[in-house]
Amino acid sequence: MTTPTETLEFQSEARQLLQLMIHSIYSNKDTFLRELVSNASDALDKLRLATYRDKDLDADTGDLHIKIETDPAARTLTVRDNGIGMSREEVVSLIGTIAKSGTAEFLRKLKDSQDAAASQDLIGQFGVGFYASFMVADQVTLVTRKAGEPEGVRWESAGEGTYTIGAAEDAPQGTSVTLHLKPEDAEDNLFDYTSPTKIREIVKRYSDFLTWPIRMAPLTTPEPAADAEGEAAAPAEPELETVNSMKALWARSQSEVTEEEYAEFYKHVSHDWSGPLETVRLNAEGTFEYQALLFIPSRAPMDLFMRERKRGVQLYVKRVFIMDDCEELVPEYLRFIKGVVDAADLSLNVSREILQQDRQIQLIRKRLVKKILSTVKSLQADKPESYTTFWTEFGKAVKEGLLSDPDNRNAILEICSFDSTHDTEKQTTLREYVERMKDGQQHIYYLTGESRQAIENSPHMEALAAKGYEVLILTDPIDEMWVDGVPDFDEKQFQSIAKGQVDLDTDEEKKATEAAREIQQKDFEPLLTWLTTTLEATVKEVRLSTRLTTSPACIVGDTYDLTPNLEKMYRAMGQPLPPIKRILELNPDHGLVTGLRTAHSERPEDESLPETAELLYSMALLAEGGDLPDPSRFIKLLATRLEKTL
């Protein structure tokens, strides 16, 4: 029974994207053909793979190819393939809706963008695939039949909110997309896309490397031959010409490939509309052979930190496409890497489950990771601007590897950059930090927090700033995680200046002040004991501090305590945590602290003293950016105290 033709509405995001394409300000409209040809190539890859895996699939794989036809009189352009095709459900889900993660965010940013150049950049960053057709066409007709299915599907739309979908009788296997082209308009970069010369030029520029033949009618049609009576015979169908070289880019010598070809291949595999930041090539020979052509993008995709994102590189075996997004070849923290790995010795029937256990895949992955990290290290040394772009776009993701990839931890640390107190504008590497360390300094000091400003104004910084010690300023959420899992760099241990004891004095300074410290500790002992008891609900200890110079107090954690920021993150994720008590440190030279010691010594029963202790703790909590447990009580106590001073 033939399925009836229906008129359906596009999903709202798809409708917005279509309108965007119809009124596109994107200048390079030629790329619509790259998108269509790339889709056709994917369909051929998928058919060949499907027939390897299902020997009973009723599919014609005798002459897999892409065909492009132009009709100047009707002003149409058709791109055909005899690949896997689509079912009715797939057409609706793939074209009627956008399942791509980050769609809503992309559309919101686009709506907010007033700058035409920024809008173009966003369109290119998102990648629009099939929808790019509406940049050059006012109507699109798609006819498709999935391999092995008896009935085809016809889809048609003018891109105005609805589309029709119905059965297509006698549709051949594969997909054809016919564009009813808009009038030529050179000012708007709308060229004559019925011109075979123009189409060949676009194919050569964007799709020359595809491994499937792209065929077109010859530019010149031969004159019809005369028959025996001298009469002109009916013109024969001209033999189609293959207009692309079909040489896999990764199989060609590096000297034969131009930067432009690499850039176009990157756009093909990544669906990005801008070129890569860096190209990474790797050829392995010997026990097992493979070739890799990888790319570091020039900007992060919108879904870099989204759970439903796809990641991984394309896997081929002896030039046969096996799968997109092969996650086993690159670790999670390098999920932004794009490209192709072509292995010589894997089985064509390899599955994702087999890949997870395959020793060759694990060895390939090991070498790819080392090559990528060494390439970034080279950028750091030889192309500092490119490295800065890389770190700005992907640094947060790369730092995940400090926890997940201990084998390459040192290599990752070498390519990391951090804000520091050394320079307010320029980040520092750990190697540069170590080279600037003071004589006798054994630790790499750092402080985590929500912002640079909050960290720079933290009481914990006071003594280190006074003595000229450099402190790393760590504000990324991932920083809260890795600093506890990474012991050292170049045999210098990482130390939080908000945890444990921070000892900045030299041995000579300690000897000179030892007697004075002992006297000071004895003088403050009654106050410290009383405060520990008074504040026992919120702190586990009150002690004198060596890290304060101007603030009266600060709150620190024990060496293995969670930081307040990390505690907040866990609670925000709904993870229950027991109450964490921390340590209150006092500045023995601050007037408020010495005054409190005197008051406690002279009138220990004074009922206002516990309130003063509570205010002191609350001020220290606020100074580190913490949240007060009872803000209204704090305000009430403070107001009462201020009132008494007037």
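1. Let's start with the cavities. In this predicted model, the count comes to two cavities of 30 Å³ or more. The largest cavity holds about 60 Å³ of space, and the second largest holds about 30 Å³.

2. Who lines the largest cavity? You'll find Ser-41, Asp-45, Phe-209, Leu-210, Thr-211, Trp-250, Phe-265, His-268, Gln-314, Tyr-316 and Val-340 around it. The elements giving two or more residues to this lining are α2 (31-53), α7 (259-270) and β12 (313-317). By residue type, the lining splits into six nonpolar, four polar and one charged.

3. Now the second largest cavity. Its lining is made up of Tyr-446, Thr-448, Glu-480, Val-483, Asp-484, Ser-496, Lys-499 and Thr-563. Two elements, β17 (443-448) and α16 (477-485), each supply two or more of these residues. Helix α16 has the largest share, with three residues. The mix here is two nonpolar, three polar and three charged.

4. On to charges: the model has 38 salt bridges. One to click on is Asp-30 with Lys-198, where the closest N and O atoms are 3.1 Å apart. Asp-30 sits in the loop between α1 (12-22) and α2, while Lys-198 belongs to helix α6 (residues 196-207), so this pair ties together parts that are 168 residues apart in sequence.

5. Are the two partners in that bridge buried or exposed? Asp-30 is buried, at a relative accessible area of 5%. Lys-198 is buried as well, at 14%; the cut-off for that label is under 20%. The pair also has company: Asp-30, Lys-198, Glu-201 and Arg-205 are linked in a network of salt bridges.

6. Next, have a look at Lys-377 and Glu-414. They form a salt bridge whose closest N and O atoms are 3.4 Å apart. Lys-377 is in helix α9 (residues 359-382) and Glu-414 in helix α12 (residues 409-415), so the contact ties together parts that are 37 residues apart in sequence. Lys-377 counts as partly exposed, with 34% relative accessibility.

7. Glu-624 and Arg-582 are another pair to check, with their closest N and O atoms 2.7 Å apart in a salt bridge. Glu-624 comes from the loop between α20 (609-623) and α21 (631-645), whereas Arg-582 is part of strand β23 (residues 582-586), so the bridge ties together parts that are 42 residues apart in sequence. What about burial? Glu-624 is partly exposed, with a relative accessible area of 22%, but Arg-582 is buried, with 10%.

8. Last, the strands around β6. Strand β1 (residues 6-9) runs antiparallel to strand β6 (residues 162-168), and four bridges join the two. Strand β5 (residues 152-157) pairs with β6 too, again in the antiparallel sense, over five bridges.

9. Which residue of β6 should you pick to see both pairings? Try Ile-165: Glu-6 stands opposite Ile-165, and Trp-155 stands opposite Ile-165 as well. As for the connection, β5 and β6 form a hairpin with four residues between them. In that turn, Gly-159 has a positive phi of about 75 degrees.

Terms used: Residues are numbered from 1 along each chain as its sequence is written. This is a predicted model: local features need pLDDT of at least 70, side-chain atom pairs count only at pLDDT 80 or more; totals for chains, interfaces and linings use all residues. Side-chain values use heavy atoms; hydrogens and water are left out. Two strands pair if DSSP finds at least two bridges between them. On a 1 Å grid over the protein atoms alone, a cavity is a set of points where a 1.4 Å probe fits but cannot get out, and a pocket is an open set with protein on both sides within 12 Å along at least five of seven lines; lining residues have an atom within 4 Å of a point. Grid points are joined across faces, edges and corners, and a volume is the space filled by probe spheres set on the points. Ala, Val, Leu, Ile, Met, Phe, Trp, Tyr, Cys and Pro count as nonpolar, Asp, Glu, Lys and Arg as charged, and the others, Gly among them, as polar. A salt bridge is a side-chain nitrogen of Lys or Arg within 4 Å of a carboxyl oxygen of Asp or Glu. Buried means under 20% relative accessible area, exposed over 50%, partly exposed in between (1.4 Å probe, protein chains only).
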